[in-house]
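User: Could you take a close look at one part of this model for me, the strands and the side chains that hold on to each other there? Keep it casual, but walk me through it in one go.

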Amino acid sequence: MSTNLQFIKSASADGVSSLTVTDMFSAQYDVYEVFIRGNGSQNVSSLTAEFLDSGGSDIAQGAYGFAVLRLNTGSSFDEVNGQTSNSFEFAYTGSSDKDFAVKITVFNPFSSSSYTFATIQSMSLSGEKAITVAKSTTSATSMKFYANQNYTPINVSVYGVK
């Protein structure tokens with residue numbers, strides 16, 4: 001796979017509990033790199049995301065599979081996983097005011113003949129490596145990023161991989 005990144009778009013927000021980034025994915029690329037950085041505010045804990053179709057609906061509501069391996073500060077690894085989730089975790093900031101940085105590599109989001117897969121690397125309170133699958137063949141065009149309290153802020157940059 002080539003590593004030539006083509007900038008698509010960026011978005012940012014401050015003081016919001018979710019951010020939707022539209023028109024991220026198209027038929028132009030099969031692989032995308034999504035870079036996210038920001039601060040989770042206090043008591044945010046897990047930061048989650050979902051893939052959206054062109055109408056803004058979740059493509060895999062209740063059908064996300066994921067596996068996360070966390071390296072916790074001051075302790076060992078732990079694992080988090082699920083098969084029928086409404087979203088997937090992309091970072092864990094814990095219950096305090098922590099910055100985060102994330103790289104999500106998304107495979108085939110616009111394909112209507114295969115599932116959308118992603119690998120995730122993140123750092124915050126815990127370092128994480130994760131995989132997720134949206135068990136749906138609906139084409140994704142956008143992503144929505146959630147926190148249970150406000151991001152202060154969140155910045156997203158999207159690139160297609162040539």
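Analyst: Thr-116 is in contact with Phe-51, Ile-59, Val-106, Phe-107, Asn-108, Pro-109, Thr-132, Val-133, Ala-134 and Ser-136, once you leave aside its neighbours within four places in sequence. Keep in mind that this is a predicted model. Thr-116 counts as buried, at 0% relative accessibility. Thr-116 sits in strand 9, which covers residues 116-123.

From there, follow strand 9 to strand 10. Eight bridges join strand 9 to strand 10, and the two run antiparallel. They make a hairpin, with two residues between the strands. For a specific pair to click on, take Met-123, whose bridge partner in strand 10 is Gly-127.

Strand 10 (residues 126-134) is also joined to strand 5, by nine bridges, again in an antiparallel arrangement. Here you can look up Val-68, which has Ala-130 as its bridge partner in strand 10.

Now for the charged side chains. As background, side chains of opposite charge can pair when their charged atoms come close. With a cut-off of 4 Å between a Lys or Arg side-chain nitrogen and an Asp or Glu carboxyl oxygen, the count comes to two salt bridges. One of them pairs Arg-70 with Glu-89, with 2.7 Å between the closest N and O atoms. Arg-70 belongs to strand 5 and Glu-89 to strand 7, so this pair ties together parts that are 19 residues apart in sequence. Arg-70 also forms a salt bridge with Glu-128, where the closest N and O atoms are 2.9 Å apart. Glu-128 lies in strand 10 and Arg-70 in strand 5, so that pair ties together parts 58 residues apart in sequence. Put together, Arg-70, Glu-89 and Glu-128 are linked in a network of salt bridges.

How exposed are these charged residues? Arg-70 counts as buried, at 8% relative accessibility. Glu-89 is buried too, with a relative accessible area of 8%. Arg-70 and Glu-128 are both buried.

Strand 5 (residues 64-72) also holds Leu-69. Leu-69 has a relative accessible area of 37%, so it is classed as partly exposed. Leu-69, Leu-71 and Phe-77 make a nonpolar surface patch of about 290 Å². In general, side chains in a regular strand alternate between the two faces of the sheet.

Strand 7, where Glu-89 lies, also belongs to an open sheet. That sheet has four strands in the order 2-11-4-7, with antiparallel pairing. Strand 2 (16-21) and strand 7 (88-92) are at the edges with a single partner strand each, so one side of each is left without a neighbour in the sheet. On average, neighbouring strands of this sheet are turned by 25 degrees against each other, ignoring direction.

Going through the pairings, strand 2 is joined to strand 11 (residues 142-151) by five bridges, and these strands run antiparallel. Val-16 stands opposite Tyr-151 in strand 11, while Val-21 has Met-143 as its bridge partner in that strand. Strand 4 (residues 46-52) is also joined to strand 11 by five bridges, antiparallel as well. In that pairing, Glu-50 has Lys-144 of strand 11 as its bridge partner.

Conventions:
Residues are numbered from 1 along each chain as its sequence is written. This is a predicted model: local features need pLDDT of at least 70, side-chain atom pairs count only at pLDDT 80 or more; totals for chains, interfaces and linings use all residues. Side-chain values use heavy atoms; hydrogens and water are left out. Two strands pair if DSSP finds at least two bridges between them. Axes are lines fitted to C-alpha atoms, for helices over the stretch in contact, and angles run from 0 to 180 degrees between N-to-C directions. Patches are made of residues with over 30% relative accessible area and no salt bridge: like charges are joined within 9 Å, nonpolar side chains (Val, Leu, Ile, Met, Phe, Trp, Tyr) within 5 Å. Accessible areas come from the Shrake-Rupley method with a 1.4 Å probe; for residues, only the protein chains shown count as cover. Buried means under 20% relative accessible area, exposed over 50%, partly exposed in between (1.4 Å probe, protein chains only). Contact means heavy atoms within 4.5 Å.
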